[in-house]
Amino acid sequence: MLKTWWRPAGWRGRMAYAVPAVITAVALIGRWHLGEPWIAVVCALIVLVPMLVVVVVAATLRVALTAFAVQSIALVGCLLAAHVWLNSGPLAPEQDWLLPYTALASLVPVVVMLVGGSVRGRRFESLTALGAAVLLVGCWGFVGAKFPGARMPSARDAVPWGSGLSIAREWDEGCGQNGALCAMTVLLEGELTVSQVRAVLAGYGWTRECRPVTGILSRVGAAYEQVCLTVRDTPGGVEVVLIGEAYWWRKPR
């Protein structure tokens with residue numbers, strides 16, 4: 001019985017293995033804008049939960065594929081909204097796209113369970129898994145929005161998607177003694193000038209040195225901190241210095 005549950009037969013089994021493979025590939029490709037490898041693993045696991053629940057509860061392959069397609073569109077849409085469409089300057093944290101994605105993707109299997117004429121079993125286990133994923137991301141988003149603290153800048157804050165800039169080397173400078181400032185230095189590839197880099201970054205929201213973090217949740221009241229960016233010329237090439245400055249530390253000044 002355990003073997004049958006672990007390796008279900010037919011289309012359900014093939015999808016159960018295909019979905020993690022697809023999301024793992026997405027996590028590896030998207031790793032470039034995540035600060036730590038473990039964050040990519042956590043994000044991939046959270047993304048997987050609603051998709052695997054669909055595999056469990058869908059009665060037919062057609063229903064499962066349709067639901068998976070809707071969830072995939074929600075995933076891509078939330079990523080683009082958080083990091084491209086609504087982003088201006090520093091990248092939004094992972095919960096900015098994970099929270100709306102999890103909410104939207106979790107609705108899909110719930111609708112399948114409520115509306116579907118023939119639904120496979122394991123409803124309780126499926127709803128429990130969905131609830132745990134939503135609770136985890138919701139708490140993560142609440143803590144990040146209400147108590148932002150200093151955010152360790154991502155090297156990709158200096159190299160926006162589609163900018164043509166690329167990283168030659170990066171240095172994690174760590175956070176200050178009181179945790180109010182976190183710094184990172186990025187060396188850019190190529191024969192560039194400071195004015196060229198500033199012009200490129202200005203087109204991606206860096207119109208002034210310090211910019212607030214923006215994304216989906218910031219449009220609905222989330223209080224993100226800001227990141228400051230400085231471009232300088234060095235013997236090794238053009239460097240970008242990123243400093244994450246905590247909102248709670250700046251306010252009394």
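Glu239 is buried in the predicted model, with a relative accessible area of 12%. Its side chain meets that of Arg232 in a salt bridge, with a nitrogen-to-oxygen distance of 3.0 Å. Arg232 is partly exposed, at a relative accessible area of 39%. The two partners therefore fall on either side of the 20% limit under which a residue counts as buried, Glu239 at 12% and Arg232 at 39%. The count of salt bridges in the model comes to 1.

The fold as a whole comprises 8 helices and 5 strands. Read from the N terminus, the order of elements is α-α-α-α-α-α-β-β-α-β-β-β-α. The chain has 253 residues, of which 45% are buried. When contacts between residues at least 6 apart in sequence are considered, 68% of them join residues at least 24 apart. The exposed area of the chain is about 13,400 Å², and 66% of this area is supplied by carbon and sulfur atoms.

Confidence varies along the chain. The average pLDDT is 77, and 73% of the residues score at least 70. The highest confidence is found in helix H7 (residues 194-202), with a mean of 94, whereas the lowest is found in helix H1 (residues 2-6), with a mean of 42. The pLDDT is below 50 over residues 1-8, a stretch that has 4 contacts in the model beyond near neighbours in sequence. Residues 248-253 also have a pLDDT below 50, and this stretch has 11 contacts beyond near neighbours in sequence. Where pLDDT is low, predicted coordinates should not be read in detail.

The largest nonpolar core contains 25 residues. Val47, Met51, Val54, Leu75, Trp97, Leu98 and Tyr101 have the most contacts inside this core. Two or more residues each are given to the core by helix H3 (37-57), helix H4 (61-85) and helix H5 (95-115). Helix H4 supplies the largest share, with 9 residues. In soluble globular proteins, nonpolar side chains tend to be buried together.

Trp97 illustrates the contacts made by a member of this core. With residues up to four places away in sequence left out, Trp97 touches Cys43, Val47, Leu75, Cys78, Leu79, Ala82, His83 and Ile216. Apart from the largest core lies another, of 23 residues, which includes Ala155, Val186, Val194 and Val231.

Nonpolar side chains also occur at the surface. Leu104, Leu107, Val111, Leu114 and Val115 form a nonpolar patch there, with a joint accessible area of about 520 Å². Val115 belongs to helix H5, and its relative accessibility of 64% places this residue in the exposed class. Helix H5 thus contains Val115 of the surface patch and is also among the elements that give two or more residues to the largest core.

Several pairs of residues separated along the chain were examined through the distances between their C-alpha atoms. Ala69, in helix H4, is partly exposed at a relative accessible area of 37%. Ala69 and Met51 are 18 residues apart in sequence, with 9.7 Å between their C-alpha atoms. Met51 is one of the residues with the most contacts inside the largest core. Glu125, in helix H6 (residues 123-146), is also partly exposed, with 46% relative accessibility. The C-alpha atom of Glu125 is 8.9 Å from that of Val53, although 72 residues separate the two along the chain.

Two glycines in strands were considered in the same way. Gly174 is located in strand E1 (residues 167-175) and is partly exposed, at 26% relative accessibility. The distance between the C-alpha atoms of Gly174 and Met184 is 7.2 Å, and the pair is 10 residues apart along the chain. Gly244 is located in strand E5 (residues 237-245) and is buried, with a relative accessible area of 0%. Gly244 and Leu229 are 15 residues apart in sequence, and their C-alpha atoms are 8.9 Å apart in space.

Terms used: Residues are numbered from 1 along each chain as its sequence is written. This is a predicted model: local features need pLDDT of at least 70, side-chain atom pairs count only at pLDDT 80 or more; totals for chains, interfaces and linings use all residues. Side-chain values use heavy atoms; hydrogens and water are left out. Helices (H or I, at least four residues) and strands (E, at least two) are DSSP runs, numbered from the N terminus. Buried means under 20% relative accessible area, exposed over 50%, partly exposed in between (1.4 Å probe, protein chains only). Contact means heavy atoms within 4.5 Å. Accessible areas come from the Shrake-Rupley method with a 1.4 Å probe; for residues, only the protein chains shown count as cover. A nonpolar core is a set of buried Ala, Val, Leu, Ile, Met, Phe, Trp, Tyr and Cys residues joined through side-chain atoms within 4.5 Å. pLDDT is the predictor's confidence in each residue, from 0 to 100. A salt bridge is a side-chain nitrogen of Lys or Arg within 4 Å of a carboxyl oxygen of Asp or Glu. Patches are made of residues with over 30% relative accessible area and no salt bridge: like charges are joined within 9 Å, nonpolar side chains (Val, Leu, Ile, Met, Phe, Trp, Tyr) within 5 Å.
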